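Biologist: I am new to this structure and would enjoy a close look at a single part of it. Could you pick one spot and walk me outward from there?

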Amino acid sequence: MAEDISTAGKCKLTGLSQQEVSRLLQQYGYNETDEKKTSLWKLFFKKFWNLSAWMLEGIIILSLITGNYSDAAVVSCFLLVNSIITFIQDYKASGAKELLKQKLLISVQVLRDAQWRTIPVRELVPGDIVRLRTGDFVPADLQVLRGSATVNQSSMTGESGGIKKRRG
């Protein structure tokens with residue numbers, strides 16, 4: 001993994017070699033979470049599986065039992081139109097989310113083969129040495145090797161202020 005070469009009391013970091021990176025990518029995969037893709041039909045029929053849909057479906061059944069066929073038809077149309085509209089909105093929102101994910105690809109500077117390189121965050125592997133600067137996103141679980149950093153963890157912990165991170 002990362003090599004530390006001590007010379008005259010100073011630590012020189014060289015980072016991972018390309019061979020180690022390839023091996024670690026094979027072992028752990030990319031630094032990303034797997035997302036399950038659901039079929040469009042399944043997403044559409046999910047619109048009929050919630051409390052408000054059940055209430056409307058109950059009204060339809062009761063209307064059919066009592067012979068109020070016009071009420072059953074109106075509520076059925078309402079349920080169908082509502083499901084179609086919410087499905088279309090959700091579909092457009094998921095498309096916008098995918099577009100944002102592609103446009104917001106985060107890059108990071110890592111030390112590999114004793115050279116700083118800019119790589120996509122998804123290519124980080126355990127043991128990479130990452131350079132963080134003010135305003136950078138923290139791309140993964142990191143350990144501070146030199147200096148310190150103030151990190152905004154509000155999205156995970158809810159704390160409004162920055163948290164000071166030091167070596168160790």
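Modeller: Happy to! Let us begin at Ser63, which is buried, with a relative accessible area of 9%. This is a predicted model, so please read every value as computed from that prediction. Ser63 has its place in helix α3. Not counting residues up to four places away in sequence, Ser63 touches Asn68, Tyr69, Asp71 and Ala72.

Now step back to the helix around Ser63. Helix α3 covers residues 51-66, and its 16 residues should span 22 Å at 1.5 Å a residue. The end C-alpha atoms of α3 are indeed 22 Å apart, which agrees with that expectation. Ser63 shares its buried status in α3 with Ala53, Leu56 and Ile60. If you look down the axis of α3, the buried residues fall within an arc of 85 degrees, so they line one face of the helix. Turn to the face pointing away from that buried side, and you meet the exposed residues Leu51, Met55, Leu62, Ile65 and Thr66. Just after α3 comes Gly67, with a positive phi of about 85 degrees.

What lies over the buried side? The cover of the buried residues of α3 includes α4. Ile60 gives a good view of the contacts there: leaving aside its neighbours within four places in sequence, Ile60 is in contact with Ala72, Val75, Ser76 and Leu79.

Helix α4 deserves a moment of its own. Its 35 residues should span 51 Å at 1.5 Å a residue, and the end C-alpha atoms of α4 are 51 Å apart, which agrees. The buried residues of α4 are Ala72, Val75, Leu79, Ser83 and Phe87. What covers them includes α2 and α3.

These pieces come together in the largest nonpolar core, which has nine residues: Phe44, Phe48, Ala53, Leu56, Ile60, Ala72, Val75, Leu79 and Phe87. Both α3 and α4 give two or more residues to this core. The largest share, four residues, comes from α4. A second, separate core has six residues, among them Val108, Val110, Ile119 and Leu124.

From the largest core we can follow the aromatic rings. Ring pairs link Trp41, Phe44, Phe45, Phe48, Phe87 and Tyr91 into a cluster. Across the model, the count comes to seven aromatic pairs. In one of them, the rings of Trp41 and Phe45 have their centres 6.2 Å apart and their planes at 25 degrees; planes under 30 degrees apart count as stacked, so this pair is stacked. Trp41 and Phe45 both lie in helix α2 (residues 40-46), four residues apart, or about one turn of the helix. Trp41 counts as exposed, at 63% relative accessibility.

A stacked pair is also found in α4: the rings of Phe87 and Tyr91 have their centres 6.3 Å apart and their planes at 25 degrees. Phe87 and Tyr91 sit four residues apart in α4 (residues 69-103), about one turn of the helix. Phe87 is buried, with a relative accessible area of 18%, whereas Tyr91 is partly exposed, with a relative accessible area of 49%.

Rings take part in another kind of arrangement too. The charged end of Arg122 sits over the ring of Tyr30, 3.8 Å from its centre. Likewise, the ring of Trp116 has the charged end of Arg131 over it, 4.0 Å from the ring centre.

One last stop takes us to a loop. Most residues other than glycine have a negative phi. Asp113 is not a glycine, yet it has a positive phi of about 50 degrees. You will find Asp113 in the loop between β3 (107-112) and β4 (115-120). Asp113 is partly exposed, with a relative accessible area of 37%. Ala114, found in the loop between β3 and β4 as well, has a positive phi near 65 degrees. At 45% relative accessibility, Ala114 counts as partly exposed.

Note on methods. Residues are numbered from 1 along each chain as its sequence is written. This is a predicted model: local features need pLDDT of at least 70, side-chain atom pairs count only at pLDDT 80 or more; totals for chains, interfaces and linings use all residues. Side-chain values use heavy atoms; hydrogens and water are left out. Rings of Phe, Tyr and Trp (its six-membered ring) pair if their centres lie within 6.5 Å; planes under 30 degrees apart count as stacked, over 60 as edge-to-face and the rest as tilted. Buried means under 20% relative accessible area, exposed over 50%, partly exposed in between (1.4 Å probe, protein chains only). A charge sits over a ring if NZ of Lys or CZ of Arg is within 6 Å of the ring centre and within 35 degrees of the ring normal. The expected span of a helix is 1.5 Å times one less than its number of residues. The arc is that of the directions from the helix axis to the C-beta atoms. Contact means heavy atoms within 4.5 Å. A nonpolar core is a set of buried Ala, Val, Leu, Ile, Met, Phe, Trp, Tyr and Cys residues joined through side-chain atoms within 4.5 Å.
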